[in-house]
Amino acid sequence: MAPLRDFPVNEFIDAIAVPCCYVATDGSVSLWNQAAERLLGWTQRDVLQHPLPIVHQLAQTLEGWSTQLLHRPYSTTVMTPFLHKDGTTVYATAYIQACSIEKQNGYLLAFLPKGFGPLMSNEQFNFLHHFQEMIKQSTHYLATNDKGEIIDVNAIFCRLFDVTDQQLLGRNWFELLDPSQENRMIENEVSVALATDKIWNGEVPVACSKHTDKPCWLNLTVVPILSDSGEVIQYTAFGFDVTEKKRLEQEVNDLAYRNDLTGLLNKKGFLHQYEDFFNQFDQQDRYLHVALLDIDRFKIINESFGSRIGNELLVQIKDRAVKLLPESTVFFHPSGGLFGLLFTEESKEEVFQLLRQLQHELQRPFRVYHHSIMVSLSIGCVYYPSATTSLDDLYTRAESALFKGKQIGVGTIQFVTKDMDAAFSRQIHIEKALYKALEEKHFYLEYQPKYNVKTDQLIGFEALLRWHHAELGQIPPAEFIPLAEEMALIVPINNWVILEAAKQLKQWQSQFNQPLSMAINISPNQFRSESFLNTLRNIKQQLMLDPSDLILEITENLVMQQTDEIIERMNQIKRLNYRLSIDDFGTGYSSLQYLKSFPVDELKVDKVFLDDWMTSKSHLLDVIIHLGKGLNLHVVAEGVEDEAMLEHLKTTDCDAFQGFLFAKPSSPAQIEQLLHSKKTPDA
Ligand code: C2E
Ligand code: CA
Ligand code: CA
């Protein structure tokens with residue numbers, strides 16, 4: 001080990017607010033101050049004359065320190081995790097100084113945790129200053145005045161920029177940072193920390209001369225030094241070079257966070273990198289905009305020209321866009337033909353102009369190999385501050401705006417309007433609440449009676465899902481079911497529905513001793529899910545129900561996909577003896593001809609055909625009923641609201657009906673009343 005300096009420390013160490021300790025070369029602790037106890041939980045009694053408990057392998061650590069200290073004489077800084085007495089981890093920068101106290105050789109350690117709070121008096125800070133003097137000789141060191149102008153800098157730091165200290169003195173230290181968007185976030189973060197007189201530690205990229213195209217990275221600790229009256233006199237910063245570590249991290253991140261074709265951040269990378277920026281964004285008088293740019297029909301371009309040309313086109317689009325965009329714009333590439341933009345400085349009008357211009361530029365022909373290709377672009381854009389609370393949410397809204405625009409036509413620029421924003425907020429609110437609704441039993445079922453057309457006799461029910469939310473009130477199934485479907489929550493929800501409705505039917509059958517059926521709506525995802533058949537088998541076994549009393553309603557569009565798996569699934573269900581019904585019949589794209597090949601039992605004719613008959617007396621309704629009967633299916637008319645409608649149905653072969661005319665969806669208690677009285681209630 002290098003020759004040690006004698007350091008007048010013991011009488012001072014107890015009084016100071018900086019957590020400090022002294023470890024002898026044999027590993028035992030001989031000084032441990034109150035601040036260290038506060039930071040790390042261990043008391044003097046725990047540590048004095050014992051090995052330092054805060055590092056995991058002391059012997060190795062000491063050896064590591066010795067080697068480092070040999071390498072950079074006398075002192076060093078390390079940012080490492082330390083062990084708190086309660087078992088948690090404390091991240092702090094340790095300043096380690098080799099020195100001897102009362103002829104004993106060892107190391108003095110001062111810990112500066114991230115966001116270190118207590119203010120230090122000038123006097124106390126002299127200690128650290130003294131300490132720093134020595135550390136200055138081994139690490140990158142810089143001091144600034146309260147305005148951030150450099151007032152002192154060491155040779156190691158100067159070497160990084162290949163300049164003399166005279167060239168750095170007087171400059172603002174932020175100028176040394178690499179001028180990227182990312183760095184402005186760091187600048188902001190440091191300012192916030194320092195404004196509250198906290199010590200800041202983090203990694204910053206500096207525009208050094210060594211690597212011209214890439215910044216080098218310093219792990220920097222910035223300490224505000226206060227006067228006795230509490231004002232900042234100076235900032236002292238120490239750093240060590242972590243460029244190599246950063247480069248490795250970058251390589252790993254690039255794999256996950258970048259689009260490998262264009263090298264731009266992908267969605268994950270964008271959200272990861274700009275989350276902090278978003279969270280710290282100062283909302284006053286400023287807006288953030290996120291826009292998504294979609295190349296219309298990119299898939300078709302890719303398929304018809306091949307992916308080599310498709311890829312080259314994307315690269316050219318990127319290059320052309322980059323030339324046009326202001327430097328402050330973040331340009332990213334979520335996937336395929338979709339690009340993204342984050343505008344941080346422009347006003348709404350400016351953003352709109354930029355998007356228009358960009359759209360215009362990118363719609364000029366591209367020369368890709370020997371082809372001339374023209375694309376059209378649709379753009380969805382959203383701004384913040386708005387009802388949004390996260391960057392992820394902002395992105396989702398831009399996506400929704402894009403889709404909304406595309407519904408109007410390709411080549412649109414759709415901004416999120418106030419109404420849309422409110423609708424999204426409600427949607428997000430509902431999505432969040434949906435997760436809890438099942439667990440907290442906020443769902444319940446209503447049952448709508450179904451009648452025989454000829455005899456008006458009650459033959460069964462359709463179970464309809466209901467959700468009452470404490471704040472939002474009653475939420476209609478047409479609103480939350482599509483969301484649950486998207487969120488893959490529909491399967492557990494609907495499994496609950498099947499079981500609940502089946503139990504209810506079983507109870508009513510035995511209580512009223514009457515043949516009754518129960519229709520249950522099955523969502524497409526549930527129908528396809530792995531667990532569906534098992535659910536059906538379990539119900540059959542557990543409830544000892546005749547499965548043919550349960551009618552599973554599936555939608556016409558699902559059936560019409562007619563893939564082998566769907567037909568096989570229907571056959572499996574039929575083998576279990578459940579009945580299958582096609583709901584909303586006539587609204588999809590089915591051809592009656594295919595119906596022949598499906599193992600279904602029932603058709604539910606959609607209300608639109610009844611309405612059509614009511615308004616224009618069209619024959620369409622009769623034709624559908626007739627065709628259904630021709631295929632030997634049980635035919636049910638939905639949404640009978642009117643006496644005349646029912647009278648008409650009686651003249652057809654229609655088997656059954658449901659509708660407000662006889663009964664609205666009702667609670668189990670109301671149904672029981674109805675079954676008791678055995679008469680049809682009023683709507
Ligand atoms: P659906 O399966 O077509 O259900 C019939 C809808 O028509 C019900 O609306 C019912 O209240 C309504 N209705 C019945 N008779 C009349 C009438 O005479 N006039 C009018 N105007 N409406 C009538 P609801 O309960 O709001 O359900 C809407 C849709 O939500 C259902 O359409 C169904 O697709 C879905 N749904 C409801 N419960 C479930 C469920 O448990 N699972 C799944 N996957 N979907 C469900
Ligand atoms: Ca239905
Ligand atoms: Ca229906």
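These are my notes on ligand 1 and the pocket around it in a predicted model.

**Ground rules.** Residues are numbered from 1 along each chain as its sequence is written, and chains are lettered from A and ligands numbered from 1 in the order in which they are written. Local features need pLDDT of at least 70, side-chain atom pairs count only at pLDDT 80 or more, and totals for chains, interfaces and linings use all residues, while side-chain values use heavy atoms, with hydrogens and water left out.

**Entry 1, neighbours.** I looked up who surrounds ligand 1 and got 21 residues, counting a residue if one of its heavy atoms lies within 4 Å. Gln448, Arg466, Asp583, Glu641 and Phe660 are the closest.

**Entry 2, polar contacts.** I took these as pairs of N or O atoms within 3.5 Å. The Gln448 side chain has an N or O atom 2.9 Å from a nitrogen of ligand 1. Asn494 puts a polar side-chain atom 3.0 Å from a ligand 1 nitrogen, and for Glu462 the partner is an oxygen of ligand 1, at 3.2 Å.

**Entry 3, cover.** I then checked how much of ligand 1 is hidden: the protein covers 78% of the 800 Å² of accessible area it has on its own (Shrake-Rupley method, 1.4 Å probe).

**Entry 4, pocket.** Ligand 1 sits in the second largest pocket, meaning more than half of its atoms lie within 2 Å of the pocket's grid points. For a pocket I used an open set of points on a 1 Å grid over the protein atoms alone, where a 1.4 Å probe fits, with protein on both sides within 12 Å along at least five of seven lines; lining residues have an atom within 4 Å of a point. I count 32 lining residues, with Glu462, Leu464, Pro477, Asn521 and Asp583 nearest the centre.

Notes. Polar contact = N/O pair within 3.5 Å; in protein donor to acceptor, adjacent residues only side chain to side chain.
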